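Morning, everyone. Let me put the structure up, and then we'll walk through it piece by piece.

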Amino acid sequence: MGNNVSKEQTASARHVDLYAFLVKYHNSDFTNEGNSIRLKSNHSISIKKGYTGYKDFATGETGNSIDFLKNYMGYRFVDAVQALSTGSTTVYSKNVQQNGIKAVPPQFPSPVDGMYKNLFAYLLNRGISGETIQMLINQKTMYQEKSRNNIVFINMEKNFAEIRGTYTFGKAFHGIVPDSRHDGFWWFRTSKNAAKGYICEAAIDAISLYELHRIQKIPEDAYYISIAGASKQPAINRLKNSKLNIIIAADNDAAGQKCRDRNSELEYILPVHKDWNEDLQNLKNNYVVVG
């Protein structure tokens, strides 16, 4: 494909029926749900039939057809415009989802008064050391919320937060605080001179990778980053534009592989098991002290 597209092509591509395009060309990446389809790798993202955009119900993020192909399907801008402009039906609707993100600051949950008992119990059970837990609390990047005792992983810019339930039975709740920055991420670093950034899918995985490096005595001046989901391409794109040497540290599964494929120019590392926390727990459970 060529490297140029006109303003007219771009405007037309933004109004293409995204649902029809994806069903025709990328059907295997989606599941049907009534008059909508949802991305298999991120079920909170929905594309409604007859609309020209998408919505992420977990984060509130919305965008047009070009945005979706760029952010979630790995297209370059020019390729997205040209693909949408070829053989697709253009629609104009009063009900089209609005582009962009509402400029509403996130309302972070209030912290619990007193000790973070549930937070400590949950993270210690996941193999995270008490020293590391206290470090992150002291940095004010993590706390236990008051109403539901969830763990809130809040970034230092105070525009993004990831939430993790603390129940030890069943699958723990995992989500993002509404109105968080759509390309935001959670992070901590080991040094002000850190020039490397590991992109993980969840805060617990980022912390676990840091713990693994400590246990294995691998000195790292690095940022440990969570984008809260393998499909969060806007966050990855933002990090690509930073001065950091970015390394993809996504899960060892299908969604993680799609993330690596979308960002094939970046270096990557793989956990042995599904994710870094499983690696950490396995290492600690099989650790033998000699002497």
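Of the 291 residues of the protein, 51% count as buried. Keep in mind that this is a predicted model. The protein has 10 helices and 14 strands. Now the contacts. Take those between residues at least 6 apart in sequence: 61% of them join residues at least 24 apart.

Let's go to the sheet. It is an open sheet of 5 strands, with mixed pairing. Read across, the order is E10-E12-E11-E13-E14. Which strands stand at the edges? Strand E10, residues 186-189, and strand E14, residues 267-268. Each has a single partner strand, so one side of each is left without a neighbour in the sheet.

Start from the E10 edge. E10 pairs with E12 in the antiparallel sense, over 4 bridges. For a landmark in that pairing, find Arg-189, which stands opposite Tyr-223 in E12.

Next, strand E11, residues 196-200. How many of its residues are buried? The count is 4 of 5, so call E11 mostly covered. On one side, E11 pairs with strand E12, residues 222-226. That pairing is parallel, over 5 bridges. Lys-196 stands opposite Ala-222 in E12. E11 also runs parallel to strand E13, residues 245-248, and 4 bridges join the two. There, Gly-197 stands opposite Ile-246 in E13.

What connects into a β-α-β unit here? E11, then helix H7, residues 203-215, then E12. The unit is right-handed.

Now bring in helix H10, residues 276-285. Its buried residues are Trp-276, Asn-277, Asp-279 and Leu-280. Seen down the axis of H10, they fall within an arc of 155°, so they line one face of the helix. What does that set pack against? The buried residues of H10 pack against E11 and H7. Look also at the start of H10. A side-chain oxygen of Asp-275 reaches to within 3.1 Å of the backbone nitrogen of Asn-277.

On to the aromatics. A search of the whole structure finds 9 aromatic pairs. One of them is Trp-186 with Phe-188. The centres are 5.6 Å apart and the planes make 55°, a tilted pair. Buried or exposed? Trp-186 counts as buried, at 0% relative accessibility. Phe-188 is buried as well, with a relative accessible area of 0%.

A second pair is Tyr-210 with Tyr-224. This one is edge-to-face: 5.5 Å centre to centre, 70° between the planes. Tyr-210 lies in helix H7 and Tyr-224 in strand E12, so the pair ties together parts that are 14 residues apart in sequence. Tyr-210 counts as buried at 12% relative accessibility. Tyr-224 is buried too, at 1%.

Both pairs belong to one aromatic cluster. Its members are Phe-153, Trp-186, Phe-188, Tyr-198, Tyr-210 and Tyr-224.

Now turn to Thr-141. Where is it? In the loop between helix H6, residues 130-138, and strand E6, residues 142-144. Thr-141 is buried, with a relative accessible area of 0%. What does it touch? Leave out residues up to four places away in sequence. Then the list is Leu-136, Val-152, Phe-153, Ile-154, Met-156, Trp-186 and Trp-187. Note Phe-153 and Trp-186 among them. We met both in the aromatic cluster.

Last stop, helix H4, residues 77-84. Here 7 of the 8 residues are buried, so H4 is largely enclosed by the rest of the structure. The buried ones are Val-78, Asp-79, Ala-80, Val-81, Gln-82, Ala-83 and Leu-84. Which helices do they pack against? Three to look for: helix H1, residues 7-14; helix H2, residues 18-25; and helix H3, residues 65-72.

To recap. The 5 strands form an open sheet with mixed pairing. H10 packs its buried residues against E11 and H7. One aromatic cluster includes Tyr-210 and Tyr-224. And H4 is largely enclosed, with 7 of its 8 residues buried. That's the tour.

Notes. Residues numbered from 1 in each chain as written. Predicted model: local features only at pLDDT ≥ 70, side-chain atom pairs only at ≥ 80, totals over all residues. Heavy atoms only, no water. Buried < 20%, exposed > 50% of the residue type's maximum accessible area, 1.4 Å probe, protein only. Pairing = 2+ DSSP bridges. Right-handed = clockwise from strand over helix to strand, strands pointing away. Arc of directions from axis to C-beta. Contact = heavy atoms within 4.5 Å. Polar contact = N/O pair within 3.5 Å; in protein donor to acceptor, adjacent residues only side chain to side chain. Phe/Tyr/Trp six-rings, centres within 6.5 Å; stacked < 30°, edge-to-face > 60°.
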